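Open the model in your viewer and keep the sequence panel visible. The tour below says what to select at each stop and what is there.

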Number of protein chains: 2
Amino acid sequence: MKCRKCGGRGVINLRQHKLILCKEHYLEWLPEQVQRAIDRYHMFTPQERVLVAVSGGKDSLSLWDILTRLGYHTDGLYIGLGIEGEVHYSDESLRLTEQFAGAHGLHLNTIKVAEEYGLAVPEIAQQTYHGQTKPCSVCGRIKRHIMNRAARDGGYDVLATGHNLDDEAAVLFGNTLNWSAGYLMRQGPVLEADIPGVVRKVKPLCRIYEREMAAYALLRGIEYIYDECPFAVGATSIYYKELLNQLEADHPGAKLNFYLSFLQAKKGGLFTGAADQARQSLHPCPTCGQPTSVEGECAFCRMMGKVKKLTKS
Amino acid sequence: MKCRKCGGRGVINLRQHKLILCKEHYLEWLPEQVQRAIDRYHMFTPQERVLVAVSGGKDSLSLWDILTRLGYHTDGLYIGLGIEGEVHYSDESLRLTEQFAGAHGLHLNTIKVAEEYGLAVPEIAQQTYHGQTKPCSVCGRIKRHIMNRAARDGGYDVLATGHNLDDEAAVLFGNTLNWSAGYLMRQGPVLEADIPGVVRKVKPLCRIYEREMAAYALLRGIEYIYDECPFAVGATSIYYKELLNQLEADHPGAKLNFYLSFLQAKKGGLFTGAADQARQSLHPCPTCGQPTSVEGECAFCRMMGKVKKLTKS
C-alpha cells in the first residue's frame with residue numbers, strides 16, 4: 001500500500017476515491033477537501049468570524065484544527081450539558097476541549113446549561129414527556145437554541161458544526177424513511193440566515209466520512225473523547241449508521257453518492273414547490289425571537305416553560 | 001396463536017397490523033385490503049376492462065385470482081420471454097399460467113417475444129451493451145413496451161401488474177439512494193393515462209407484503225413458479241430487498257411506512273415543482289407512438305433498431 005502522491009508508506013485507503021495516501025499527504029488532503037466544501041457551498045469567507053461548536057469529540061476538534069490551519073478566524077463554543085456516565089462525560093469533554101484551545105492559543109466560549117437554566121440536560125429531559133424516551137431529541141433542541149443565541153449575541157457571521165458525512169447520511173436516511181418533507185427541505189451543508197435572528201449554519205465536514213475524521217484526529221495527535229454519549233446507546237441514528245455502513249461495505253461510495261445526489265436533486269428543483277410553502281409559515285418566537293414554524297412560542301421556550309413550572313411546584 | 005376474528009387456529013401473524021388470522025379469515029382479509037387500495041387510489045371501476053399482466057409467479061397469479069373473486073372483468077396477458085435455466089423457466093411459467101386460466105375459465109392473451117421480434121429476451125440483452133451487464137433492465141423495457149401495446153390494442157381500460165410492497169419499497173429505496181428525480185416523481189400505485197397512446201397502469205398489491213402474497217397463494221392452493229428468474233441472481237433489487245427486510249425485522253412496519261409516507265409526501269406536494277418540469281418534456285415516439293422523454297425514438301425502438309441491424313449483418 002503506497003501513497004499515490006509520493007510512493008511513501010500509505011496509512012489510509014480511501015476506497016470511494018480509489019486513493020491511498022501517506023500520513024503527510026493525508027493531513028494535507030483532508031483540509032483541501034474541507035476547503036472545497038466551504039467554497040462549493042459558499043459557507044464563509046476568510047473575512048467572516050466563525051464560531052465553531054466543539055463537543056470534545058474527534059469531529060468538532062478536528063474541524064476547529066482544520067479551519068485554523070486553513071487560516072480562518074475562529075472561536076470555539078463549548079456547551080456544558082451536564083452529562084455524567086462512567087467517564088464523567090461532560091467534565092472530560094470540557095477538559096479536552098480546553099486543552100485543545102489552550103495548546104493552539106484559541107478562544108473558547110463556554111456555556112453551561114445547568115448554570116444558565118437551573119437544570120442540566122438529563123434533568124430537563126427527565127421533566128419532559130418526550131425527553132423520557134428520546135433524550136437526544138431534547139438535547140438537540142437545547143443545543144440548537146444555545147448555539148444560535150451564542151453566535152448571534154457574540155456577533156459571529158456563521159456557526160460551524162462538526163457533522164460528518166456519516167451523520168448527515170444517517171439523518172437523511174431517517175428523514176427519507178419517513179419522508180419528512182420539512183426536514184428533507186431544510187437539510188443541507190448550509191442553513192442560510194435569511195430569517196431575522198438566525199445565524200448562518202454550516203457543516204464543512206459534510207462530505208468527509210467518519211473514519212476519515214477519526215484517522216485525521218489520530219494522525220494529528222488530537223486528544224478527544226472516545227466514548228459515545230451514554231444517552232446515545234440504542235439511538236435510531238446509530239442503527240441507521242450501521243445499516244448505511246453495511247451498504248457502504250458492499251458498494252463503496254454509496255453513502256457519499258446518497259448524500260451528494262440528494263443535494264444535486266434538491267438543487268435541481270426536486271422540492272421546489274414544497275419549499276416555498278414551508279418558508280412562508282416561519283415566524284419569530286415571541287419569547288426568544290428565534291424563528292419557529294409552530295403557532296406561538298417556539299418548541300424550546302415551550303419546553304423550558306413547562307420544566308420551570310414543574311420544578312417550582 | 002388464535003385468529004382475532006373467530007378464535008380459531010391462526011395461520012399468519014401480521015406483525016405490522018398486530019393481527020393474527022386463521023386461513024378462512026386471512027383469505028377474506030387480503031382481497032379486502034386489495035379492494036381498499038383499488039378504491040383509495042382510484043385504480044379502476046367494476047365497469048372497466050382490466051388486463052392483468054401474469055408471469056406465472058405468486059404475485060401476479062394471486063392478483064388475477066383476487067380481482068376475479070372481487071368481481072372485476074379481467075383478462076390475462078402472458079409475455080413469453082424465452083428464458084431457459086434449470087427449470088425451463090419460461091415454459092414452466094406459461095404452463096402454470098395456462099393451467100390457472102383454464103381452471104378458472106379466464107381468457108389469457110399470450111405474446112412471445114421471439115415470435116414477435118425474431119429474438120428472445122436473453123438474445124436481445126446479449127446484443128445490447130447495456131443488457132450484457134443489466135439484462136433485467138432490458139427485459140423490463142421490453143415488457144413495459146409490450147404490456148402497454150397489448151392493453152392499448154386490446155381496448156383495455158387499465159393494465160394491472162402484481163408488484164407487491166416489497167417490490168415497490170425496493171424500487172423506491174434504489175431511486176432514493178440515487179435521488180433519481182424522474183423516477184421518484186413517476187413512482188406510485190397508479191400511472192395515469194394522461195398522455196395519448198398510454199393505458200393507465202395500476203399496482204393493486206402495492207401495500208401487501210411479499211410474505212402475505214406467498215401465504216395467500218399457498219392457502220388458496222395456487223400453483224406458481226417458485227424459482228426466481230435465473231437472470232435476477234445478484235440483482236441490485238434483491239440486495240435492496242434484503243436490506244429492507246433487515247430493517248423490517250428490527251422495526252415491524254418500517255417498509256410499509258417508508259412506502260406510504262412517500263405517497264403521502266408526494267400527495268402533499270413535495271415534488272410539485274419538479275413534476276411540472278418533467279411532464280412537459282414527454283412526446284410520442286415517432287416509430288411506436290408510445291410517449292418518451294428522450295429526443296427522437298423511444299428507448300425501446302432504438303434498442304430494437306440496433307438489435308435488428310446487428311442480427312442482419
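**Stop 1: two helices of chain A**

Select Leu244(A), Asn245(A), Leu247(A) and Glu248(A) in H11(A), then add Ala254(A), Lys255(A) and Leu256(A) in H12(A): these two groups meet each other. By type, the residues of this contact between H11(A) and H12(A) are 4 nonpolar, 1 polar and 2 charged. Keep in mind that this is a predicted model.

Now widen the selection to the whole of helix H11 (residues 236-250) of chain A and H12(A), whose axes come within 7 Å and cross at roughly 110°. H11(A) and H12(A) are therefore roughly perpendicular to each other.

**Stop 2: from chain A to chain B**

Keep helix H12 (residues 254-267) of chain A and add helix H8 (residues 165-178) of chain B. At what angle do these two helices pack? The angle is about 75°, and the axes are 6 Å apart. That makes H12(A) roughly perpendicular to H8(B).

To see the contact itself, show the side chains of Asn257(A), Phe258(A) and Ser261(A) on H12(A), and those of Thr176(B), Leu177(B) and Asn178(B) on H8(B). The residues where H12(A) contacts H8(B) comprise 2 nonpolar, 4 polar and no charged.

**Stop 3: the two copies**

Show both chains in full. Chain B can be laid on chain A by a turn of 180° with a shift of 0.0 Å along the axis, giving an RMSD of 0.0 Å. The two copies are thus related as by a two-fold rotation axis. Of the interface residues of chain B, 100% are also interface residues in chain A, so the copies meet through the same surface.

**Stop 4: chain A as a whole**

Hide chain B. Chain A holds 14 helices and 10 strands. Its C-alpha atoms fill a box of roughly 70 × 45 × 40 Å along the principal axes. A compact globule with 313 residues would have a radius of gyration near 20 Å, and chain A agrees, with 20 Å.

**Stop 5: the sheet of chain A**

Colour the strands of chain A. In what order do the 6 strands of the open sheet lie? The order is S5-S4-S3-S6-S8-S7, with mixed pairing. Strand S5 (108-112) and strand S7 (190-191) of chain A are the edge strands, and each pairs on one side only.

Next, select strand S3 (residues 49-53) and strand S4 (residues 73-80) of chain A, which pair in the parallel sense over 5 bridges. Within this pair, find Val50(A), which stands opposite Thr74(A) in S4(A).

Add helix H3 (residues 89-104) of chain A, which packs on the sheet and touches S4 and S5 of chain A. The direction of H3(A) makes about 165° with that of S5(A). Then add helix H2 (residues 58-69) of chain A: H2(A) lies across S3, S4, S5 and strand S6 (158-160) of chain A, and runs at about 160° to S3(A).

**Stop 6: the sheet of chain B**

Switch to chain B. Here too there is an open sheet of 6 strands, in the order S5-S4-S3-S6-S8-S7 and with mixed pairing. Its edge strands are strand S5 (108-112) and strand S7 (190-191) of chain B.

Select S7(B) and strand S8 (residues 200-202) of chain B. These strands pair in the antiparallel sense over 2 bridges. Which residue in S8(B) is the bridge partner of Leu191(B)? The partner is Lys201(B).

Finish with helix H3 (residues 89-104) of chain B, which lies across S4 and S5 of chain B and runs at about 165° to S5(B).

Technical notes: Residues numbered from 1 in each chain as written. Chains lettered and ligands numbered in written order. Predicted model: local features only at pLDDT ≥ 70, side-chain atom pairs only at ≥ 80, totals over all residues. Heavy atoms only, no water. Pairing = 2+ DSSP bridges. Helix = DSSP H or I, 4+ residues; strand = E, 2+ residues; numbered from the N terminus. Contact = heavy atoms within 4.5 Å. Axes fitted to C-alpha atoms, helices over the stretch in contact; angles between N-to-C directions. Parallel < 35°, antiparallel > 145°, perpendicular 65-115°, else oblique. Nonpolar A, V, L, I, M, F, W, Y, C, P; charged D, E, K, R; others polar. Least-squares fit on C-alpha atoms with pLDDT ≥ 70 in both. Rg over C-alpha atoms; globule rule 2.2 N^0.38 Å.
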